[in-house]
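Trainee: I am new to this structure and would like to learn how to read its features one at a time. Could we go through them together?

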Amino acid sequence: MVERLQRLSEARGVPGHEGAVRAILQSWIESEGPAVDRVFTDPLGNLYVGIGVEEASPALLLAAHMDEVGFLVSGYTEEGLLRIRPSGGIDPEVAFGKPVQVGDPAIPGVIGVPPPHLAKDRTARPRIEDCLVDIGAEDRDTAMTMAPLGAMVTFDTRFVATESCWLGKALDDRLGCLLLWELLATRPQGPLWCVFTVQEEVGLRGAVIAARRLRPALALIVEATPATDVGEEGELSLTRWGGGAALTLVDRRTLPSWDITEHLVEIAESEGIPWQWRRGVGGTTDGAAFFAEGIPTATISVPCRYIHGPAALAATADVLAAGALLRQFVHRWRKT
Amino acid sequence: MTNSGAEGESSSALFTACLSWLLRLAALPAASGQEERLWPVLAELARKKGFSIQRDRIGNILCERPATVSRLRILLAVHGDQVALWAKETGQDGGVRFRAPGVDPRFLPGLVVRHGERFGVVSFRPPHLLNAQQGETSAPKDTDLVVDFGSPPPQVRPGEPMFFASWPRRLGRWRLAAAGLDNRASLAAVLAAWETLPTLAEDVSWTIAVTAAEEVGRYGAKFLSLRAHFDLALVLDVTFGRSGREPEDLSLPLGRGPAIGLGPNSDPRLGAWLAEQARTVGCPVQWEILPEDSGTDGWYLEQQPEGARVVTCSIPLRYMHSAQEVVDVRDVEVTALLLLALFQLPAEAFPRAW
């Protein structure tokens, strides 16, 4: 599991550029996955895996998104640095000074920090205009050749695992992709769709198509969600790291189905799976796309510290809890 | 510039040696007070080259080769420490509070940090959870931040340093990004030249001093200046490399050689002589105006009891004191080439007292 998450975490895929992540998942499904009825990719890049289904038939749909927040190259300076603009929600402050990878195939770069000795104002928050990527080009023309306009820029973070926690980039939502794969590896029975969606970070774009195309009976989203319980939030944190799988009561754009959510609680309680409420109303997930189509939806989330940044932290116990809850839900759905 | 190949790599063995030392030193981080971590590397070279090696009470590592008949005493000073985050205490939430002197705290949120074999993240709040008011407040200070190592929480004692977890990366054809290139870039040049050196001139006493605690107050240089005896000091450090956002008169382009200092703390006549030696061996150099304190160990070394002439020679470096500093490896190579030439010069070749 750790090795698979490392591959997913270190793979690169900002919204619209999810190909590398999709290729990994497709290779696992084709070489080790269960017998499936349908595997296909739609024009946006969503990867659909169907077991015991026909399109537009009532089925359980599980979704996790493949894209990660990142940047696109938007311009150049005369000194050969790259200008970038975010693709997905990133506070420029967490991009400032970080190592990145640029383009495909990737070349290394760094979002450089001017020396503090010469800084006029060290209190002003960095803006995206201050985030210039140095790829070692000596002038503008060289930079343009090395990194054309529109090239993707991702954080360059090495995945690290201890026995109880994992550190890596893009855990939002490669953790969800991992858990969907782990579920597929148990060879579940249908009718079941697993959809690895695209462009979640720029407006749930892939999920909208999946919802309209498949019209499932219900949609269960597997996500990563913020845990801000170190530093300032403490007891007021959205979720508590190490507190188990997080279930959503409401978010900015979704009213999850209370029936499904209540059922998830019952399963967790009866199976002894650690769980917690996701407290607060901020953020959203692919669930909003299904909710907008009138499809009952719910979300199982893994609490993650520092998502939408260069490196997030997930507790192994929380990941295992979310995986166990997902498996039990699918198993019981099949039986009903 | 130097003997560099047309594509990708330089054909120069010295370039390869410099790059190799840069990578090797990047794997040996040492905060102020930990300079002894460099002892094994220095001791190995000292043994091979017939130098003695000792460590003084404050932590300076001194590698000496007295002359057979000494007509000149030269100190080559290069500081061996790098900036770090200094742990204060571990909170109830497991986060390690810290201070970061000399570091712009604005790039710290989200940074991966290392303590031994453990990796943590400097805390921040995700953008979805920032309200408009929070988004407009000032950037955090180091006292507002914590390092989160997840679980199990590591044992980080107050006063222990934590390092930027930053792996060396080649940028383009000639450049290298890594943490601690201030001052590993200069040290790499010294070690590459020292390693390559066939013989030293017999009538010059050389001391290679890897000084301690430069980043927190130049304590090693202060201590050395009261105890060492030398006629002139060559101080190797780094200076502000230009990326387009620095004042043009306070920064220098990468890839055009090291910068010789000009000002009260870097003797202009000695500097002119050094530039001439560089020209003789085909090394480009630049000039760095230092109207007051040079900001290097040279400020204190000049104050040794007999007085000494100091010249600074600094490698341009972008993004100083950040997790990914950048140098042009050709500048390191040129500096090594210049040192190689100086090591072999007899005493009479050096400019004498005024």
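**Reading helices, loops and backbone angles**

Mentor: Let us begin with a pair of helices in this predicted model: α1(B) and α4(B) pack at an angle of about 130°, and their axes lie 8 Å apart. Since angles from 115 to 145 degrees fall outside the roughly perpendicular and roughly antiparallel ranges, α1(B) is therefore oblique to α4(B). The crossing in which α1(B) passes α4(B) is right-handed.

Trainee: Which residues of α1(B) and α4(B) make the contact?

Mentor: From α1(B) the contributors include Leu14(B), Trp21(B) and Leu25(B), while α4(B) supplies, among them, Leu181(B), Arg184(B), Leu191(B) and Glu195(B). Sorted by character, the residues of the contact of α1(B) with α4(B) are 12 nonpolar, 1 polar and 2 charged.

Trainee: At what angle do the axes of α4(B) and α8(B) cross?

Mentor: The axes of α4(B) and α8(B), the latter spanning residues 329-343 of chain B, cross at roughly 45° and come within 8 Å, and these two helices are therefore oblique to each other. Here α4(B) passes α8(B) in a right-handed crossing. On the α4(B) side the meeting residues include Ala185(B), Val190(B) and Trp194(B), and on the α8(B) side they include Val332(B), Leu339(B) and Phe343(B). The contact of α4(B) with α8(B) divides into 12 nonpolar residues, 2 polar ones and no charged ones.

Trainee: How should I read the two sides of a single helix, and which residues are buried in α2(B)?

Mentor: The general idea is that an α-helix has 3.6 residues a turn, so residues three or four places apart point the same way. In α2(B), which covers residues 39-49, the buried residues are Val41(B), Leu42(B), Leu45(B) and Ala46(B). Because these residues span an arc of only 125° around the axis, they lie on the same side of α2(B). The face turned away from that buried side carries the exposed residues Pro40(B), Arg47(B) and Lys48(B).

Trainee: What covers the buried residues of α2(B)?

Mentor: The cover includes the helices α1(B) and α4(B), together with the strands β1(B), β2(B) and β12(B). Following α2(B) comes Gly50(B), with a positive phi near 75°.

Trainee: What should I look for in backbone angles generally?

Mentor: Most residues other than glycine have a negative phi, and most peptide bonds are trans. In chain A, Ala170(A) has a positive phi near 60° although it is a residue other than glycine, and Ala170(A) lies in the loop between β11 and α5 of that chain. Arg215(A), also not a glycine, has a positive phi of about 45° and sits in the loop between α6 and β13 of chain A.

Trainee: Are Ala170(A) and Arg215(A) buried or exposed?

Mentor: Ala170(A) counts as buried because its relative accessibility is 11%, under the 20% cut-off. Arg215(A), with a relative accessible area of 41%, is partly exposed.

Trainee: Where is the cis peptide bond that leads to Pro191(A)?

Mentor: That cis bond runs from Gly190(A) to Pro191(A), with omega near 5°, and Pro191(A) is in the loop between α5 and β12 of chain A. In chain B, the peptide bond from Ser151(B) to Pro152(B) is cis, with omega near -10°, and Pro152(B) belongs to the loop between β8 and β9.

Note on methods
Residues numbered from 1 in each chain as written. Chains lettered and ligands numbered in written order. Predicted model: local features only at pLDDT ≥ 70, side-chain atom pairs only at ≥ 80, totals over all residues. Heavy atoms only, no water. Buried < 20%, exposed > 50% of the residue type's maximum accessible area, 1.4 Å probe, protein only. Helix = DSSP H or I, 4+ residues; strand = E, 2+ residues; numbered from the N terminus. Arc of directions from axis to C-beta. Contact = heavy atoms within 4.5 Å. Axes fitted to C-alpha atoms, helices over the stretch in contact; angles between N-to-C directions. Parallel < 35°, antiparallel > 145°, perpendicular 65-115°, else oblique. Left-handed = near helix turned anticlockwise from the far one by under 90°. Nonpolar A, V, L, I, M, F, W, Y, C, P; charged D, E, K, R; others polar.
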